Amino acid sequence: MIAGFSKVAAVLMLLGTSGLAGQENDGPELRLSVPVTETDTNVIHWAINDAPPFHVLHGEYQRNGICDVLTSVVHRYLPEQQLSYLQMPQPRISQALDNKEPVCFPCMIYKPEGEARAVYSLPTHFYYPHHIITSAATAKTLRALYGEPVSLEKLLDDPRFRLGYPSGRRYGVLQPLLNEHDPYLARAGTGGAVAILHMITSGRLDYTIDYPIVANYYQQLYSRNMETLEIAETNGRPVAGAIGCANTAWGQSKIAEINKVISRIRQDPELLEVLQLWHSNNRSDDNDFESFNQQWLQKFDDSAAEAAQGLRQ
């Protein structure tokens with residue numbers, strides 16, 4: 001378990017599918033989606049969902065997901081900001097941002113150009129690129145047919161292979177390509193990523209698209225081997241993780257506060273520990289994740305500095 005994560009004071013009300021379950025634990029209150037207002041100027045309302053290993057709401061690694069720890073770390077360096085959690089399915093989180101509700105989501109893909117729905121922090125960390133996740137048998141077949149990295153465009157056009165992913169998930173640079181293809185299954189409800197991997201191991205689906213850390217979580221929890229295949233269209237580009245808040249005055253003020261302490265957040269030992277935990281699972285570059293992460297954060301900062309210098313000239 002990640003040391004120190006239970007230090008956040010208050011009561012955690014864990015939610016079952018039918019509502020409040022009444023179980024208590026250390027931590028802030030966890031609520032169903034309820035009205036919140038922008039008058040809560042000293043509170044960050046975090047929208048979270050059941051999506052391990054980003055958020056782990058129950059079980060062996062409870063609250064040791066990357067974004068569970070990230071929210072805790074944010075408040076370590078912004079102690080004047082109170083902590084509030086709102087549990088929502090992924091589509092509801094997207095809707096809340098679209099509706100300009102005063103919420104932040106800690107597990108977003110950084111977009112340098114921003115967007116209407118959200119304002120982003122500077123990157124908090126980097127992920128390895130999205131991969132195809134599948135069974136060993138299907139991985140062998142896909143390598144024989146397409147080589148590696150696999151052309152996702154060609155694979156999506158192949159009707160022999162069934163794609164599934166959690167409803168509401170977005171895939172960065174791959175999203176325009178996925179928008180052109182309906183998946184065999186877009187699974188709604190909680191625990192979508194794990195449910196999809198269960199369906200792959202049982203032969204009901206052939207593959208999904210996700211970060212390697214999702215396969216690592218599944219393997220650690222269920223001792224079932226999953227294989228990951230590189231995707232040609234990502235060109236090996238890592239994915240920058242960031243915090244997103246509603247694109248309102250409230251959200252912009254929260255992001256401004258977070259960006260003031262972003263360097264401390266990035267170097268926090270607890271965050272680095274949980275990133276290493278989920279990025280390590282029998283990979284040849286297991287021990288290189290921290291240097292990979294720091295290298296790409298430095299590249300981002302250098303590029304931003306160069307762009308700012310260009311604007312000043």
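These questions and answers walk through a predicted model of one protein chain.

Q: How many helices and strands are in the protein chain?
A: Start with the chain as a whole: it has 313 residues, and 53% of them are buried. Its secondary structure is a mix of both kinds of element, with 11 helices and 14 strands.

Q: Among contacts between residues at least 6 apart in sequence, what percentage join residues at least 24 apart?
A: A contact means heavy atoms within 4.5 Å. Take the contacts in the protein chain between residues at least 6 apart in sequence. The share that joins residues at least 24 apart is 71%.

Q: What percentage of the accessible surface belongs to carbon and sulfur atoms?
A: The accessible surface of the protein chain comes to about 14,200 Å². The share of carbon and sulfur atoms in that surface is 50%.

Q: Which residue follows Pro 52 across a cis peptide bond?
A: The bond after Pro 52 has omega near 5 degrees, and it is cis. The residue on its far side lies in the loop between strand 4 (43–48) and helix 1 (66–77). That residue is Pro 53.

Q: Where does Pro 149 lie?
A: Pro 149 also follows a cis peptide bond, this one from Glu 148, with omega near 10 degrees. Pro 149 lies in the loop between helix 3 (136–146) and helix 4 (152–156).

Q: Is Arg 63 buried or exposed?
A: Arg 63 is found in the loop between strand 4 and helix 1. Its phi is positive, about 65 degrees, although Arg 63 is not a glycine. Its relative accessible area is 9%. The cut-off for buried is under 20%, so Arg 63 is buried.

Q: Is Asn 235 buried or exposed?
A: Asn 235 is another non-glycine residue with a positive phi, near 55 degrees. Asn 235 sits in the loop between strand 13 (227–230) and strand 14 (239–246). Its relative accessible area is 60%. Exposed means over 50%, so Asn 235 is exposed.

Q: Is helix 7 roughly parallel or roughly perpendicular to helix 10?
A: Helix 7 (residues 212–222) and helix 10 (residues 269–279) pack with their axes 8 Å apart, at an angle of about 75 degrees. Angles of 65 to 115 degrees count as roughly perpendicular. Helix 7 is therefore, relative to helix 10, roughly perpendicular.

Q: How many charged residues are in the contact of helix 7 with helix 10?
A: Helix 7 brings Ile 213, Asn 216, Tyr 217 and Gln 220 to the contact. Helix 10 brings Leu 277, Trp 278 and His 279. By class, four are nonpolar and three are polar. The number of charged residues is zero: there are no charged residues.

Q: Why are Phe 289 and Phe 292 separated by about one helical turn?
A: A search of the whole structure finds 14 aromatic pairs. Phe 289 and Phe 292 form a tilted one, 5.7 Å centre to centre, with 40 degrees between the planes. They are separated by about one helical turn because they are three residues apart in helix 11 (residues 289–312).

Q: Which proline is in contact with Phe 292?
A: Phe 292 counts as buried, at 13% relative accessibility. Beyond neighbours within four places in sequence, its contacts include Phe 126, Tyr 127 and Tyr 128. The proline is 54 residues away in sequence but 9.4 Å away in space, C-alpha to C-alpha. That proline is Pro 238.

Q: Which residues join Phe 54 in a cluster of ring pairs?
A: Ring pairs link Phe 54 and two tyrosines into a cluster. One of them also contacts Phe 292. The two partners of Phe 54 are Tyr 127 and Tyr 211.

Note on methods: Residues numbered from 1 in each chain as written. Predicted model: local features only at pLDDT ≥ 70, side-chain atom pairs only at ≥ 80, totals over all residues. Heavy atoms only, no water. Helix = DSSP H or I, 4+ residues; strand = E, 2+ residues; numbered from the N terminus. Buried < 20%, exposed > 50% of the residue type's maximum accessible area, 1.4 Å probe, protein only. Areas by Shrake-Rupley, 256 points an atom, 1.4 Å probe, with all protein chains shown as cover. Axes fitted to C-alpha atoms, helices over the stretch in contact; angles between N-to-C directions. Parallel < 35°, antiparallel > 145°, perpendicular 65-115°, else oblique. Nonpolar A, V, L, I, M, F, W, Y, C, P; charged D, E, K, R; others polar. Phe/Tyr/Trp six-rings, centres within 6.5 Å; stacked < 30°, edge-to-face > 60°.
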